[in-house]
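The following exercises concern a cavity lining and a sheet. Each task is followed by a solution in steps.

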Amino acid sequence: MSRPGVERMDGADAGFLYMETPSQHMHTLKIAVMAPNTDLTFDSFRSGVLARLSRLPPLRRKAVPVPWQLNHPVWVTQRRVDPARHFFRHDVGGRGSRNDLERLIGEIASTPLDRSVPLWELHLCEGLADGGSAIVGKMHHALADGMAANALLGNVTDVAGSEAFLPREARAATPAATDETPDGPALVRSALLDAVVQIALIPALLQRTLIGLRSMLRYRRTERPDVPRPVLDAPRTSFNGALTPRRSFGTVTLPLADVKAARTAHPGATLNDVVLAIVGGAMRAWLDERGEHPSAPLMAGVPTATDPAGAVPRLHGNRVSNLFTSLATDVDDPHERLRAISRITVHSKEIQRQLGPQMLTEWTQFTPPAPFSAFMRLYSRLQAASWHAAPFNVIVSNVPGPREPAHIGAAELADLFSVGPILEGIGLNVTVWSYVDRMNFSLLTCPDLIDDLAPLTAHFRPALDALLAPAPTER
């Protein structure tokens, strides 16, 4: 729409709204654990964030649907927000332990965001045993992917040298805003006009898609890569089923230096390959304990950013695709497992490149809002994800975070964690955010699929140690 403060939502962003159901919540979580003995109070925290809203335009964006869902919703950038709808205060309870905090975070994750206001909440969780507190940010995926959320974090916190990751738009003039929401007739007119423009783009997109498919199929025929195929190659497991609204959350912290040492010990492997191998090793040991070791290897969906190299960091929106790779849980030796993951992931990246990393995102522009939303609600209500094999088994995401300590005012962030949503049929998300000298693994699940995350998180450090130990031929 050509009105100040009003913008048509991209199909990739709108898709996260359409996917949401009473049991499939499409928000992400960012958790900042504050150092003890800081002067951060609920009032100072709230006033500090509100004072920075000019640097956080996505936090003033409200999603406004179009009558009869004729097109994607519009974003309306509001001049102000109601603090009572976005800021919440909790007592961690119990002994104020990390486990108590994780239990509370699971409860916060178990309720959807209110769509009548901008799609975010900030929860101050007080009462940790050491006198510290934690801030849980809850943001809808329609607002931002991992890379955009990282840039937003830079505008909430104070990081030494942070000009390097403050987007230019955040240092520019305050974006246009409005106190008025477009009326129904205006929304309908703009929806129909935008639809005409969108339809005109289909022939060129169809041509690019056919070229990409032909290129990808040629690569598969000539190279014969052992890249797993969604649905066809994902084994059935107990945590791949229908969701309920409940969520549980867990964390693991590993030294970044040790993860980098494992990469150095395995020439050709990337840091992300090592992360996948740690997850694969932990899940293999955990499944063995449960007497549930599938013969086929677990399959991971790995979100990947599609921003061009050197692009200015974004504060909002989704520029993300997915590649599919194996966790090689059928391989006994951890070193061979990492080599297998690295080899398969190289092929997976090439298949994605041949197909076009932005192709799926471009097609989401043409997602029909009403039919897709209705299908997702029916699919969820019928618990249909339990009827068939999952597209893949687990989401594994790795986003680089700040390398220097961050502060909110005078309060130092002792640690940072992040996790994305789980999906129908895919009941485990493992998201890694690095912070200073640590790699923080966050796990989100549905407790009706995985009743306790602790036995799984206990295997992450041993999985890394196995990669650091000498290979059999080196002993």
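**Exercise 1.** Determine how many nonpolar, polar and charged residues the lining of the second largest cavity has.

*Solution.* The model is a predicted one. Begin with the setting: four cavities of 30 Å³ or more occur in the structure, and the volume of the second largest is about 40 Å³. Next, list its lining: Ile 31, Val 33, Arg 98, Leu 101, Glu 102, Ile 105, Phe 249, Thr 251 and Phe 417. Finally, assign classes: six of these lining residues are nonpolar, one is polar and two are charged.

**Exercise 2.** Identify which element gives the most to the lining of the second largest cavity.

*Solution.* First, recall the lining, which includes Ile 31, Arg 98 and Phe 249. Strand E2 (27-34), helix H3 (98-109) and strand E9 (248-255) are the elements that each supply two or more residues to this lining. Of the elements, H3 contributes the most, with four residues.

**Exercise 3.** Describe the open sheet of three strands, and explain why one side of E1 and of E3 is left without a neighbour.

*Solution.* First, establish the order: E1-E4-E3, paired antiparallel. Strand E1 (6-8) and strand E3 (61-64) stand at the edges with a single partner strand each, so one side of each lacks a neighbour in the sheet. On average, and with direction ignored, neighbouring strands are turned by 30° against each other.

Next, examine one pair: E3 and strand E4 (residues 74-77) are joined antiparallel over four bridges, and Lys 62 lies opposite Val 76 in E4.

Lastly, add the packing: helix H6 (residues 184-200) touches E1, E3 and E4, and its direction makes about 40° with that of E1.

Methods: Residues are numbered from 1 along each chain as its sequence is written. This is a predicted model: local features need pLDDT of at least 70, side-chain atom pairs count only at pLDDT 80 or more; totals for chains, interfaces and linings use all residues. Side-chain values use heavy atoms; hydrogens and water are left out. On a 1 Å grid over the protein atoms alone, a cavity is a set of points where a 1.4 Å probe fits but cannot get out, and a pocket is an open set with protein on both sides within 12 Å along at least five of seven lines; lining residues have an atom within 4 Å of a point. Grid points are joined across faces, edges and corners, and a volume is the space filled by probe spheres set on the points. Ala, Val, Leu, Ile, Met, Phe, Trp, Tyr, Cys and Pro count as nonpolar, Asp, Glu, Lys and Arg as charged, and the others, Gly among them, as polar. Two strands pair if DSSP finds at least two bridges between them. Axes are lines fitted to C-alpha atoms, for helices over the stretch in contact, and angles run from 0 to 180 degrees between N-to-C directions. Contact means heavy atoms within 4.5 Å.
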